[in-house]
Amino acid sequence: MLGLLGVALIALGGMGAGAILERDPLLAQVGLSWLRYGHGHDLASMVLYLGLGLVIWAWVRLGRLVRWGEIGDFAVLVAVTVWTLPLLFAPPLFSKDIYSYLAQGQLALTGYDPYVVGPSVLQSTLSENVSWVWQHTPAPYGPLFILVAKAIVWVTNASVILGVVAMRLALAGGLVLLCWALPGLSRHLGGKSAIALWLVAANPLLLIHLVGGAHNDLLMIGLMAAGVLLVLDRRHVLGFVLLALAFSVKATAIVIVPFLVWIWAARLEGDKRAQFRKALLPGLVAFLGTFAVCTLVAGVSLGWIPALRSSSMIINWLSIPSAVGDFVRMVVNWFVYVDGGIFIGVARALGSVVLIWIAYTQWWAARDGDVRDGIRRGTLTMLAVALLSPATLPWYFSWPLALAAGFAWSTGALVTMTVASVFLLLVTFPNGDTALYSWGYLFFALMVSVLAARSLVKPDPFGLSTRYE
């Protein structure tokens, strides 16, 4: 109930402080347009942040009960369901990406190639709400997601508000798949299913950013987790089909696939090379066949793959190469002015080399096909992708977390993940702007994160109550 109150306040505050429409007919009709400006906006922001605090508090309290073994999977799933429902109908929160998704669907529906042109060519209600950063940028998403976006725009007749709700409902299928897969992954990887569900499905980072922010990463990680579970359950072909569907939403899902080939191969007869061939060939057929069907049905090309480079427009210090390049630029410019793009470009190139090296060494080290070792190394590689990509956004860390949650977690690791989750939740402002360079605000966010983590293991972190003496 505490979490439900929190998400309700977030949804209410989001009406004025979220990633709202340029022109919101719904707010105008009910006489709440004042929430978007001046003191009204300040009030909406206060309500939203109060809701965030309550959700974080509820999540930490739920985590204590899970750690103490007082509740199990069912209770966590009830919390996830209750906390999710208000977010499905809230205004977009902490991101305007959903407007890009809908505009890309409208591009495909009206005959444009979303992998060639950006939303600006539409001059529509949908495109006017797309962030200026992405107005001229082709879609970097796979054919399945373009097909979903196209269908939603058609069903909702290009309505922005109905489109937001419909897109959220479609993406919530990823959350359902995730909740189904996590107990099975825990069974294979040695963890506790209730911990896994709490750590991922109930995590405010995932709920607020992936459900409230309506990012297609939610659908991708749901399909990916389900596909990995099917492979571990020896339903290899079907697992690779789901992994291809995940890749057809967002390319990141492909990172775990080579590690699963080793796991499949280890279960087959013959020497190492024969095992690898016997797993690789049907795996490729299932994966590439599914991807080809998605591409043909969507009626698009492979143009989304080169469009992946568009994310390099984002520069922030969550990406290690971007952080290093920007820091070197700053130091050099203390003495002599040099175009900062040079340092960013070199650092990102070095980061790509390091990433390739990590991916190859981890994959080769997993060649024995041990399930836990293979998934662990695949998860580390996915974490490296999030950290070493040219651009990193807070919710990218949900990629490795969706797989890592199935392992056994020590208390220290859970505390660390609590700090990271809460901090990453807070480093974006509700309207979608980054807070990564607002240092005073970041210090406050870090203090909140540390308090949340301390509260996970110490119910009375300030020693104010006699109840725990």
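Colleague: Where is Val336 found?

Modeller: In this predicted model, Val336 sits in the loop between α14 (320-332) and α15 (340-365).

Colleague: Why is Val336 called partly exposed?

Modeller: Its relative accessible area is 46%. Buried means under 20%, and exposed means over 50%. The value of 46% falls in between, so Val336 is partly exposed.

Colleague: Which residues make the nonpolar surface patch?

Modeller: Val336 is one of them. The others are Ile320, Val324, Phe327, Val328, Met330, Trp334 and Phe335. The patch covers about 830 Å².

Colleague: What makes Val336 eligible for a patch?

Modeller: A patch residue needs over 30% relative accessible area. Val336 has 46%, so it passes that cut-off.

Colleague: How do you know that Asp368 and Lys272 meet in a salt bridge?

Modeller: The N to O distance is 3.9 Å. The rule asks for a Lys or Arg nitrogen within 4 Å of an Asp or Glu carboxyl oxygen, so the pair counts. Asp368 lies in the loop between α15 and α16 (371-388) and Lys272 in helix α13, so the bridge ties together parts that are 96 residues apart in sequence.

Colleague: Are these two buried or exposed?

Modeller: Asp368 is exposed, at 60% relative accessibility. Lys272 is partly exposed, at 44%.

Colleague: What lines the largest cavity?

Modeller: Asp368 and Lys272 are both in the lining. With them are Trp262, Ala265, Ala266, Gln275, Phe276 and Arg367. The lining divides into 4 nonpolar, 1 polar and 3 charged residues. Helix α13 gives the largest share, 3 residues. The cavity holds about 40 Å³ of space.

Colleague: What makes the bridge between Arg187 and Asp233 a link between distant parts of the chain?

Modeller: Arg187 is in helix α7 (residues 160-189), and Asp233 is in the loop between α10 and α11. They are 46 residues apart. Their side chains meet at 2.9 Å, N to O. That is within 4 Å, so the salt bridge stands.

Colleague: What is noted about phi of Arg234?

Modeller: Phi of Arg234 is near 70°, a positive value in a residue other than glycine. Arg234 lies in the loop between α10 (217-232) and α11 (236-247). Its relative accessible area is 55%, over the 50% limit, so Arg234 is exposed.

Colleague: Why is Phe94 called buried?

Modeller: Its relative accessible area is 1%. That is under 20%, so Phe94 is buried. Phe94 also has a positive phi, about 65°, although it is not a glycine. Its place is the loop between α4 (73-88) and α5 (97-109).

Terms used:
Residues are numbered from 1 along each chain as its sequence is written. This is a predicted model: local features need pLDDT of at least 70, side-chain atom pairs count only at pLDDT 80 or more; totals for chains, interfaces and linings use all residues. Side-chain values use heavy atoms; hydrogens and water are left out. On a 1 Å grid over the protein atoms alone, a cavity is a set of points where a 1.4 Å probe fits but cannot get out, and a pocket is an open set with protein on both sides within 12 Å along at least five of seven lines; lining residues have an atom within 4 Å of a point. Grid points are joined across faces, edges and corners, and a volume is the space filled by probe spheres set on the points. Helices (H or I, at least four residues) and strands (E, at least two) are DSSP runs, numbered from the N terminus. Ala, Val, Leu, Ile, Met, Phe, Trp, Tyr, Cys and Pro count as nonpolar, Asp, Glu, Lys and Arg as charged, and the others, Gly among them, as polar. Buried means under 20% relative accessible area, exposed over 50%, partly exposed in between (1.4 Å probe, protein chains only). Patches are made of residues with over 30% relative accessible area and no salt bridge: like charges are joined within 9 Å, nonpolar side chains (Val, Leu, Ile, Met, Phe, Trp, Tyr) within 5 Å. Accessible areas come from the Shrake-Rupley method with a 1.4 Å probe; for residues, only the protein chains shown count as cover.
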